[in-house]
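Hi,

Here is the structure I promised to pass on. Have a look at it first, and my notes follow below.

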Amino acid sequence: MEPPERLAVVIDDEAIILAGMEIMLETWGFRVVAAEDASTALKALETAPSPAVIVSDYRLRNGGTGVDAVRAVREAAGTAVPAIILTGDTGAALVADAQRDGLTILHKPVLPAELRREINRLMDAA
């Protein structure tokens with residue numbers, strides 16, 4: 001019997017990063033919903049199972065943040081989906097905002113092995 005399909009939501013407003021993340025997560029066995037913002041992700045998730053993990057860039061062009069995007073996806077899923085925020089920002093406000101929602105922060109540049117380790121850790125703890 002095959003393990004259940006794992007769905008990862010990736011949100012990033014840079015197309016090249018989004019494509020690279022999608023390919024990488026697919027090689028790790030995930031089905032991927034890749035979106036440039038929260039509303040695009042939510043639309044794609046209307047017909048998808050609840051995600052196993054969310055990976056979002058912090059600064060999104062639409063003025064929102066990755067934290068906002070994670071909140072929106074979690075609300076739509078009806079559960080606190082494990083989530084990682086990728087950022088180059090080290091400001092205290094970001095850390096405080098992310099910690100309020102129990103989000104993991106990884107500072108760029110993030111090595112693939114580091115990201116995979118953190119995704120596995122979060123999913124094991126969920």
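Please keep in mind that this is a predicted model. I started from Ile11, which stands opposite Ser56 in strand β3. On the β2 side, the bridge partner of Ile11 is Ala35.

Those pairs belong to a wider pattern around β1. Strand β1 (residues 6–11) and β3 (residues 53–57) run parallel and are joined by four bridges. With β2 (residues 30–35), β1 also pairs in the parallel sense, here over six bridges. Helix α1 (residues 15–27) completes a right-handed β-α-β unit with β1 and β2. As for exposure, β1 is mostly covered, with five of its six residues buried.

Now to the packing. The largest nonpolar core contains 23 residues, and Ile11 is among those with the most contacts inside it, together with Val9, Leu45, Ile54, Ile85 and Leu103. At least two residues each come from β1, β2, α2 (38–45), α3 (66–77), β4 (83–87) and α4 (92–100). Helix α3 gives the largest share, four residues. Separate from this is a second core of 17 residues, which includes Ala8, Leu25, Val32 and Ile119.

Leu45 is worth a click too: apart from neighbours within four places in sequence, Leu45 is in contact with Leu7, Val9, Val33 and Val73.

One general point to have in mind when you look at the strands: in a regular strand, side chains alternate between the two faces of the sheet.

Happy browsing, and all the best!

Methods
Residues numbered from 1 in each chain as written. Predicted model: local features only at pLDDT ≥ 70, side-chain atom pairs only at ≥ 80, totals over all residues. Heavy atoms only, no water. Buried < 20%, exposed > 50% of the residue type's maximum accessible area, 1.4 Å probe, protein only. Pairing = 2+ DSSP bridges. Right-handed = clockwise from strand over helix to strand, strands pointing away. Core = buried A, V, L, I, M, F, W, Y, C linked by side-chain atoms within 4.5 Å. Contact = heavy atoms within 4.5 Å.
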